[in-house]
Structure formats: structure tokens, C-alpha cells
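Got the model open in your viewer? Keep the selection box handy and we'll walk through it stop by stop.

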Amino acid sequence: MRRQPRSLWTVFTICWVIAAAACSSPTGPGVSVAAAQPTSPSNGSSFSYYSQPVTLVVTTGVATGGATSTNTLEVATDAAFATLVTTQTVAAGATGQVTLTLDHLSPATTYYWRVKTAAGNNPGLYSSPARFSIGPQLVIQAPVPIQPLADTFPHKRPTFTVTNVARTGPPASITYRFDVATDAAFNNLVATGIVPEAATLTSFIPSVDLTSGVTYFWRAQASDTMKGVTSAYSSAQAFTTVFPEAGTYRYTLVVRSPSWCLTHYVNNTPCWDNGWTTAGFSYDGPLAVNDAGTLRFTLLRAHYDFSGPLVVELQRTGRLLVGSISGTADGLETLTANKTQVASVIYSRGVISGQTDNQGNFQGTFDGAMGLWKLGFPCDSLTACSTTGFTWTLTPH
């Protein structure tokens, strides 16, 4: 069969396609990359929250064909890198390493990181991921005051003591700041000090004496200065320094018998009975006070001595007093009945209790016996009453 000749348009079209193909550039070869690799920190590293910032170091990736590679670092809080913390493209340094210093990271968190190397028309290749963790923050609880507490009466240079603080987080180097002031707002500090933490209790002794009989306030605060972590203040404690302080003072002791003794007494002789007196017997003498809180009031030996000099000894614990009274004192009263003179007053089996107002005044009661040695015609007599409810006071002379 005879072939039909091609049309002029067909021949033109074929020639145009062939010419176009002859003039195009062939597609160039693809760029391949070798991924960068994490170098530091090593996989699984742990950092203290307070050793930040963390610096990531990678060896830079390599590209073929003269292409320049780029390195993009990704940090996330999950291994799937769905929650990214940061994504940054970083150029290699002079040593061929890529470094990135991260912003401050959250405590008690594990982070995952990787690097992507890209170049030319290559979209990039990820390195194997690595991880590191940031430790917890240090949390310091407030100190708990031990002494002195409210309604106590320490001496003019007391020891301030707190329990060591509870804390969570990394190891800490704790110091304690103690403040002592004359006001609850701590505007007028009279003593302050910083001391390192001791084994279980931490104490501070001021370098100055406080004033006796004055109310003060104190508090404590714990800190780790290297980490910049500070606790709340302890609860403020009010206390009053003891008064009087250790020393010897002139005091007046007054002892009064209860009215029960008017009808309940024993007389050692039937030849004369003047009855009982409820009048107070008063004595002036020295009151010695020591640092252990012991008070001792004494008198010289009586003219008619039956049981040694009068001694009143008290132990002070806060406001409370306990002790004893015993001995013989000169009688200082004259009974109205027949003007009979009391020559001596005898105290025995006297168990004292009482309290102080911390302003130098002491008072209380005692249980025991009081005897009155009376001089009169036709014979002397000893009248005694044993009971509870004798009262006494010690006041500055």
C-alpha cells in the first residue's frame, strides 16, 4: 500500500519537538549527606537543676558534590519529638563542631534531642536521638522553733534553737539566719546571726546581752546561698528575759498562817495558852539567784534557835516555783492577848509552790508546820499548827 505523504504541519511539529529536546539540560545528580552525630552530653546524662545552662555539642554532618550542609538541633520533652522545646539551625564552628547553649530548662524533666543534616536538594537526615535529664529543684521548709518559746523566761544571753529543716531535691548546704527584735514586725533588730547547720538541731547564741525583764521576738530562716534557695521564716516566738538575773538582792519574806490555825493548834504546856496568831511574820534578808534558776533566801541564826537558820529555797521553771522552807527565825510579833512576845518562829516540813510575775515578785503557798515559841509568865510555851494553806511572798526590799 502506498504511504500517504505527511502534511506540512505534521512535519513542523516533529521537527520542533526534536529541536527542543536537543536544547534542554539533563537533570543533575542528587546530593547525599552523612548525618551529624550528638557528641555531648552523652546519652542518659543527668544534670543538677542548678548546674544549667546545658550546652549541646555535635559533630557536623557532611554533604557530597560540594554542597554546604546545615545542622538543625531539636530538643523535645518526648521521644517522638511531638512536643518541641526548641528548634535551631546552627553553623559549625572553627573546630568543625556545632554547639548550642540551651535556655534554662524545667526541673525534674527528661529531654530528648537530635540533629538533622540537610544540603542542596536533600531534605535532610536525622541522627539517632539522645536524652538527658534535669534534676529537681531544692525546696526548703521553714525551721521549727524549739527554744525559747512563748511564756518562757531565758537569761539575758539565751540560746536560740530550731530543728533542722526538712528539704526535698538535690543535696544542700544549709545555713540559718536568726533574728531577735523588740517588735513583732522585726523592724528593730537587737541581734542577728548566720550559723551553719548542725547535726539535728541548730542553735545561735547572740554576742550581746539582752535586757532583763524585757519581751523580745525571734525567728529563723534557712538558706542554701549557692543555689539561691531560701525557706520561709519560722513562726515568730515571743519571750521575756528572766528578772531578776543571777545575783544577790535584798528581799522581804512575809509568811502568813491560815485562819484554820486559830482553832487547830497544839500547845506543849497547859500553864499558859495564848492561842494562835494569823498575823504575817516579815523578814528582810538576801535573795541569791543563780543561772540555773535557783532562788535561795536565808536569815542569820535566830536568838532562840531550834532547827538552824531559816532557809527558803525555790526552783524557778518559767513562771512556776517549787521548793521548801525550813529553819528558825526570830519572832517579830507581839500577841495582843496578855502582850505575850513571840521569841521564835519555827518552820518544818514546808513544801513550797508558787509563781513569779517575772518583774521580781514571788508568791505562793506551802504545806507543813509553823511553831510559835512564846515567852511569858509563868512558863514558856511552844504552840504549833500543821496544815496546808500557809501563804508567803518575796518582794524586793
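Buried here means under 20% relative accessible area, exposed means over 50%, and partly exposed is whatever falls in between, using a 1.4 Å probe and protein chains only. Strands (E, at least two residues) and helices (H or I, at least four) are DSSP runs, numbered from the N terminus.

This is a predicted model, where local features need pLDDT of at least 70 and side-chain atom pairs count only at pLDDT 80 or more, while totals for chains, interfaces and linings use all residues. Residues are numbered from 1 along each chain as its sequence is written, and side-chain values use heavy atoms, with hydrogens and water left out.

**Stop 1: strand β6**

Select residues 69-76. That's β6, and it is mostly covered: seven of its eight residues are buried. Now bring up its partners, bearing in mind that two strands count as paired if DSSP finds at least two bridges between them. Add residues 109-119 for β9, which pairs with β6 in the antiparallel sense over eight bridges. To check the register, pick Asn-71 and look across to Thr-117 in β9, which stands opposite. Then add residues 84-90 for β7, joined to β6 by six bridges and also running antiparallel. Here the pair to click is Val-75 in front of Thr-86, its opposite number in β7. As background, strands of a sheet pair through backbone hydrogen bonds, either parallel or antiparallel.

**Stop 2: Arg-131**

Next, jump to Arg-131 in strand β11, residues 130-134. Arg-131 counts as partly exposed because its relative accessibility is 40%. Draw a distance to Tyr-112: the two are 19 residues apart along the chain, yet their C-alpha atoms are separated by 4.3 Å. Show everything in contact, meaning heavy atoms within 4.5 Å. Leaving aside neighbours within four places in sequence, Arg-131 touches Ser-42, Asn-43, Gly-44 and Ser-45, as well as Thr-110, Tyr-111, Tyr-112 and Trp-113.

**Stop 3: two cis prolines**

Select Ser-40 and Pro-41 and look at the peptide bond joining them: it is cis, with omega near 0°. Pro-41 sits in the loop between β2 (37-40) and β3 (45-47). Move along to Gln-52 and Pro-53, where the peptide bond is again cis, with omega near 10°. This time the proline, Pro-53, is in the loop between β3 and β4 (55-59).

**Stop 4: a three-stranded sheet**

Colour β13, β14 and β18. In that order they form an open sheet with antiparallel pairing. β13 (144-147) and β18 (201-204) are the edge strands, each pairing on one side only. From one strand to the next, the twist averages 30°; for such angles, axes are lines fitted to C-alpha atoms (for helices, over the stretch in contact), and values run from 0 to 180 degrees between N-to-C directions. Zoom in on β13 and β14 (residues 160-163), which run antiparallel and are joined by three bridges. Pro-145 stands opposite Val-162 in β14.

**Stop 5: Pro-170**

Follow the chain to Pro-170, in the loop between β15 (167-168) and β16 (175-181). Is Pro-170 buried or exposed? Its relative accessible area is 16%, so Pro-170 is buried. What does Pro-170 contact, once its neighbours within four places in sequence are set aside? Light up Tyr-50, Pro-136, Gln-137, Leu-138 and Lys-227. Try a C-alpha to C-alpha distance to Ser-48 too: 7.4 Å in space, against 122 residues in sequence.

**Stop 6: positive phi**

Two backbone spots to click next. Phe-186, in the loop between β16 and β17 (189-196), has phi near 60°, a positive value in a residue other than glycine. Phe-186 has a relative accessible area of 8%, so it is buried. Asn-358 also has a positive phi, about 60°, although it is not a glycine. Find Asn-358 in the loop between β28 (341-356) and β29 (362-375); at 1% relative accessibility, Asn-358 counts as buried.

**Stop 7: the disulfide**

Finish by showing cysteines as sticks. Taking a disulfide as a pair of cysteine sulfur atoms within 2.5 Å, the count comes to one. The pair is Cys-261 and Cys-385, with sulfur atoms 2.0 Å apart. Cys-261 lies in the loop between β22 (247-256) and β23 (266-267) and Cys-385 in strand β30 (residues 381-396), so the pair ties together parts that are 124 residues apart in sequence. Which hand does the disulfide of Cys-261 and Cys-385 have? The torsion about the S-S bond is about -85°, so the disulfide is left-handed. Both Cys-261 and Cys-385 are buried.
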